[in-house]
Amino acid sequence: MTDNDFQQAQNELLEWLAIPSISTLPERAPDVRRAAEWLHAKLEGVGFHTQILETTGHPVVYAELLNAAGAPTVLLYGHYDVQPVDPIGEWTSDPFTPVVRDGEIIARGSTDDKGQVYAHVKALEIMLRDRAALPVNLKILIEGEEEIGSPNLEEFVKAQAERLACDVVVISDGSMFAPGVPTLTTGLRGLCYLEVHVQGASKDLHSGGYGGAVANPIQALAQIIQSLRDGNGQILVSGIYDRVRAVPKVELEGWRKLPFSENQFASSVGVDALPGEPNYSVLERLWARPTLEINGIWGGFAGEGKKTVLPAKAGAKISLRLVPDQSPEEIFELVSAHIMALELPGVRVEVVKLGTGPWALVDANSPAAKLALRALERAYPGKDVAFVRSGGSIPVVSVFSQILSAPVLLVDYGLPDDGAHGPDERFTLECFKKGIEVSGYLYEELASLKV
Ligand SMILES: [Zn+2]
């Protein structure tokens, strides 16, 4: 890649980033479509056969180039939609007037995920220009609904399974472990999200006239919450750990060697201790252990001053991050049964499932992962590649591995402090450049995947 290529790549990315494709805001729907059209035009120009495919929500940009006879087929997945920009006051420049400042591209979507997608697009463009053919057959699926939970993607992939058939899926939609540390992500946690509703009296009561006689739903909710977890983060729901798979020794040893300081991690979020399950490191707790977190609670009076009320209802949102081999559906049943078995006289309790998502694991020893490793080693000579997991969840990963039966490679180009979803989201020029380089090597290496 020449300096001129990279300058051009920046200019083009800035143009794409200027389109406010916020998928969750109905008034931005025309902009979301404009961002899809922009990418469509770009991919056509590069030489792909490109289509905008409709869903019941935002469209999918689909492109392919299938000229590499006998070579494997790679499916690149990413998304062109972005998060809202609130709190807008915390941005130092306009989120949709992208700027390059101190070696960083500052704009909403810069790292999540337009910048990372564009690193791939640029690498493919340069390959096609310099050698007139790609080393692999390529299919590109860039959706516009990732930031709202990909509500139409599973249906889409099922309906288009034949068209999307591939030997490996590549995704760059996360972050490297640390600056300059080439990273392959090998695991994501699953999710089980639920809500607890506690109903006491049929309406709010006077706490003087009824307190002491009528049950308080907030008190009952507190007992429910208290029963779910102990002070060490251990989940007290029976059976919850039954299917938790131990992390292979060699993987754990790799995690111990990562450049990670628990103290630094604590101070980066402004706390002085990191309480959690004893005998597990912070990284193990983040990547390989299930967690149960209270995401929000409500009930009673929380305004200014006093109101002597005995509230009629209270509730909480609770989510669990899950690890191999936990089943989100089974975990919901266990938590729900645990709560319903508590004896809480005078209140009615209801547990509602809000959503679940599966965990995912990438086999670091698979042929595809080994080729990705080679690509990273070529881009970062002399550096050890970090094999990490992520505490978060990308539900589409299991959609691809299940429906298309193809291994998924998570090769991330962003950095943990890029501010994805937050103010002043950024993508460093260094990451962008390396991303283009790694992408090029990756497609070259994947050409030798046996099919
Ligand atoms: Zn993303």
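Reader: What makes these atoms count as protein donors of the zinc ion?

Author: In this predicted model, the donors are His79 (NE2), Asp112 (OD), Asp173 (OD) and Asp173 (OD), lying 1.8 to 2.7 Å from the zinc ion. The cut-off for a donor is within 2.8 Å of the metal, so these atoms qualify. Water is not among the atoms, so the site may look incomplete.

Reader: Why is the arrangement around the zinc ion called irregular?

Author: The four donor atoms subtend angles of 52 to 148 degrees. A tetrahedral site needs all angles between 85 and 135 degrees, and this range runs outside those limits, so that label fails. Square planar needs opposite donors over 155 degrees apart, and the angles here end at 148 degrees, so that label fails too. Anything else is irregular, which is therefore the name given to this arrangement.

Reader: How do you know that the zinc site links distant parts of the chain?

Author: His79 is in strand β3 (residues 73-79), while Asp112 is in the loop between β5 (104-106) and α3, 33 residues apart. The sequence spacing of the donor residues reads H-x32-D-x60-D.

Reader: What makes His79 and Asp112 count as buried or exposed?

Author: The limit for buried is under 20% relative accessible area. His79 has 0% and therefore counts as buried. Asp112 has 9%, so it is buried as well.

Reader: What is the peptide bond that follows Asp112, cis or trans?

Author: The bond from Asp112 to Asp113 is cis, with omega near 5 degrees. Asp113 is placed in the loop between β5 and α3. A cis bond also runs from Pro324 to Asp325, with omega near 0 degrees; Asp325 belongs to the loop between β13 and α11.

Reader: Why is Asn279 called exposed or buried?

Author: Exposed means over 50% relative accessible area, and Asn279 has 78%, so it counts as exposed. Asn279 is in the loop between α9 (262-268) and α10 (282-287). Although not a glycine, Asn279 has a positive phi of about 75 degrees.

Reader: Where is Ser405, and what makes it exposed or buried?

Author: Ser405 lies in the loop between α13 (396-403) and β17 (408-410). With 59% against the limit of over 50%, Ser405 counts as exposed. Its phi is positive, about 45 degrees, although Ser405 is not a glycine.

Reader: How do you know that β11 pairs with β13?

Author: Pairing takes at least two bridges. Eight bridges join β11 to β13 (residues 313-322), so the two antiparallel strands pair. Leu292 stands opposite Leu320 in β13.

Reader: What makes β11 and β14 edge strands?

Author: The sheet is open and has four strands in the order β11-β13-β9-β14, with antiparallel pairing. β11 (291-299) and β14 (348-357) each pair on one side only. From one strand to the next the twist averages 15 degrees.

Reader: Which helix lies across β9, β11, β13 and β14?

Author: Helix α7 (residues 217-228) does, running at about 15 degrees to β13. Helix α11 (residues 328-341) also packs on the sheet, touching β9, β13 and β14, and its direction makes about 165 degrees with that of β14.

Reader: How many residues does the largest nonpolar core have?

Author: The core has 65 residues. Those with the most contacts inside it include Trp16, Phe48 and Leu409. Its largest share, nine residues, comes from helix α3 (residues 114-131). Among the residues that Leu409 touches are Val168, Ile171, Ala368 and Leu446.

Terms used:
Residues numbered from 1 in each chain as written. Predicted model: local features only at pLDDT ≥ 70, side-chain atom pairs only at ≥ 80, totals over all residues. Heavy atoms only, no water. Axes fitted to C-alpha atoms, helices over the stretch in contact; angles between N-to-C directions. Contact = heavy atoms within 4.5 Å. Core = buried A, V, L, I, M, F, W, Y, C linked by side-chain atoms within 4.5 Å. Buried < 20%, exposed > 50% of the residue type's maximum accessible area, 1.4 Å probe, protein only. Donors = N, O, S within 2.8 Å, 3.2 Å for Na, K, Ca; no water. Tetrahedral: all angles 85-135°; square planar, octahedral: opposite > 155°, others 65-115°. Lists of a residue's contacts leave out its neighbours within four places in sequence.
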